[in-house]
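Q: Please take a close look at one part of this structure, the largest nonpolar core. Which parts of the chains build it, and what surrounds them?

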Amino acid sequence: MEFGHFLSALTPFNLVLALFGVVAGTIVGSIPGLTATMALAVLVPITFSMDPASALILLGAIYTGAIYGGAYAAILLNTPGTPSAIATTFDGYPMAKRGDGDLAVALACFASVVGGLVGAFALLLLAPPLSKVALAFGPIEYFWLSIFGLSLIASLSTGNLMKGLAGGAFGMLLSTVGVAEVSADIRLTFGSQMLVGGFGVIGALIGLYCIPVLIDLVATPDRHLKVEEDVRSVRIGEAFRIAARSKFNLIRSSVIGTLIGILPGAGGSVAGLVAYSEAKRTARPDQKFGQGEPDGILATESANNATVGGGFIPTLVLGIPGTPPDAIVLGALLVQGVRTGPTMFSQSGSIVYTFIYGLLIATVLMLPAGLLIGRYAYKSIVNIPKAVLVPTVGFMTIIGTFSIRNSVTDVILMLGLGVFGWVVGRFGFAASPIVLGLILGPIAEQGFVQGWTIGSATGNLFGMFFGRSISQGIIAFTLLSLFLPLYTAWRQRKKPQEQS
Amino acid sequence: MLKRTFLKMGAALAVTASLASGASAAELNGPVNYIIPFGPGGESDISARFQQPFFKDKFGQDLVISYQPGGGGAVAWATLNGLSDDGQTIMGVNLPHIIIKPAQKDVGFKTEDLKVFHMFHFTPDAIIVRADSPYMTLEDLVEDAKANPAQVTISGSGKATANHLAHIKFDKMADIQTTYVPFKGTGAAVTALLGNQVKAEWGYSTVAATQGEEVRMLAVAMEERHPLFPDVPTFKELGYDMVGGAYRGIALPKSASDEVTGMWSDMIAEINNDPAFRQQMLDNGFAMLDVEAAGMEDFMAARSEEYLNDAREAGLIE
């Protein structure tokens, strides 16, 4: 942790790598279907001929860039480029629709940098103690965490509670199709081999978010996004002022993101969502979340980038990767002869600390790089005529879905879900609850089966589900998020009656 | 003029001769696509990553690893025979998965559809406990399980997997009843062990290599002790006839020619015979295996019989 490691991370070669990684990652992340996992998997061999710390800096920079890049498509096309950016669509797309897309992209950049820095500093200063968080979470805690995630549907779909819950339930049903993760049963395939692999999250994201946007673009004569007539100056200053005013939101969301990032298997989508709903719960009366509220973007984007540093904590300290990109970094380290796990910080300290400083530097570089690419992405999406935009994006949805596992089936399922999503969208069912159900369903199922198995074996089923203190805390939050919106709605209804 | 004709004939003859010489005719042109039917970070991924630099070094081409998880590997294996058979695409295969999965239900591929040309290592089954566990020896665990039937909880990766089959087999041999808790992959099963959610883990010797002093391996399912763990007894030494684990190899599409298959079998064998590669694998807790294309049929037949018997007795298949 000495200053020397910081200097060794600062070599010109490492700086070039960090900059290249951030730019490449941002571009990859912005294209739905291309994931950080893919980019890292392809690039790992390049790192074999580098020294381990430089290799890690490159991989970490790509990863953090990709999580930020996911915001572009979320804001400009209402399609999360990565699952981490789901909650970015809630306020990002409404902002873009009303002509504030450039502001939204700049906000996402500031938030991502803050979140990335908080996560990386946690990794630098607190990794060994924080890795205990990963171990404190047993199966039953994951079960309750996913139930908590599902309960957020209630607070996110104000006025549409039943439709939100129905969408969540449908998503969970979809998640059970195919080979079950822990029981290995083959379920709901109706004898067809097509469904053995189940519904992939990325394919569902592309189908449920992007296809309805494309259909609407074709079906309506309006422009895709509203553009102001007068070309305004860069809105970086405005974005910075908003971000500075919401510093409390930024810090809280970054801490949430770091903590959830430490939990292997939970990931950026859950972190973004929890941070978003916390921001919404504590909102000022004049803030309208879901209709283009800047704080919504700040919360999600800071939280999901904080999961990068958070996720490396169990990867490096325990040798247990938090996310698929972490797992690839772990593999690259093993090839380099670096042993991750409990002894890594003492035995390979110089590599670890150079890497962490490299990650910090890459995060800082994301500020200028991200703002520039963001401006360019916004301008091109706004200026491209619809006749070009629709086929281009349509083509990318198909290539992106196919490339996940070279499967035509996935493309068919994606298109099917897309049309389905557009139809039910007409009746007020949003895409997000369905995708949430799809992501959280397997986590809930696994946690439940494992908790039930352990609970029955030790003869303490009730204590297993309700007697553990972390579980009780999550249950309390769940009840709060379920009933608070109902309570507020009830109070607001009561007020005018009292006055009259 | 005449001289030129002779030269041409000579060249043609030379080409024919080189074609006739068989295996040497097949060669790689360009990077190879190496598909892993699981996500990154597992034993399949790590061992493929170890092969990567050696392959580039020996044969001058890149081995490009991609992940196609889904259906416990079934999604990728079902697509293998539709891929190009010119030797530019290979796919990792795992035992017992490719034997048990198709026996359960129609998952889009059959075991014999996969042209496995080399099995290059296995991860031996092992029972692992936390360093602070009261179980100092395998006997301690067996005694506790006898005194408290079903109360000893053991995590493992998935169901109908090597871990699960090892659990069933050992419980029967030791005449005990323990509770197996399936997790998604080895990483999650180890997290549950370290987090004190379960009392032991059915894992592999690789887990003990990664976790070092945090854990204790009670026994390992090898013929002889693993060189990395000279103090850990084998199950055999302790009176349980258990040798095995999860076996990993590589396959080509069924339509690949004998030349291509032979070339690949030789190339992977060459990497496997490199002392530096073997050492790296052993240092990370793997155990080497050298089943080449020629001996594959017998190897697969023997493994299939054992796995299918175990799975049938356990009620996993009919």
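A: What follows describes the core, then one helix in it, one residue in it, and the contact between the two chains.

The model is predicted. Its largest nonpolar core has 253 residues. The members that touch the most other members are Ile57(A), Ile75(A), Leu107(A), Ala108(A) and Val435(A), together with Ile128(B) and Ala251(B). Helix α4 of chain A, residues 52–77, gives the most to this core, with 19 residues. Chain B takes part through two domains: domain 1 (30–122 + 245–313) and domain 2 (125–220) each supply at least three residues.

Now the helix itself. α4(A) is 26 residues in length and reaches 38 Å from its first C-alpha to its last, close to the 38 Å expected at 1.5 Å a residue. The helix is mostly covered, with 26 of its 26 residues buried. After α4(A) comes Asn78(A), which has a positive phi, near 60°.

On the chain B side, Ile128(B) can be followed in the same way. Leaving aside neighbours within four places in sequence, Ile128(B) is in contact with Leu193(B), Ala200(B), Glu201(B), Gly203(B), Val207(B), Ala208(B), Val215(B) and Met217(B).

Last comes the contact between the chains. Chain A puts 47 residues into the contact and chain B puts in 55. Elements of chain B that give two or more residues to the side touching chain A include α2 (43–59), β2 (63–67), α7 (185–194) and α8 (205–211). α2(B) gives the most to that side, with seven residues. By type, the chain B side divides into 22 nonpolar, 23 polar and 10 charged residues.

Definitions and conventions: Residues numbered from 1 in each chain as written. Chains lettered and ligands numbered in written order. Predicted model: local features only at pLDDT ≥ 70, side-chain atom pairs only at ≥ 80, totals over all residues. Core = buried A, V, L, I, M, F, W, Y, C linked by C-beta atoms within 7 Å. Buried ≥ 20, exposed ≤ 12 C-beta atoms within 10 Å, placed from the backbone. Helix = DSSP H or I, 4+ residues; strand = E, 2+ residues; numbered from the N terminus. Domains from an automatic or database assignment. Contact = placed C-beta atoms within 7 Å. Expected span 1.5 Å × (residues − 1). Nonpolar A, V, L, I, M, F, W, Y, C, P; charged D, E, K, R; others polar.
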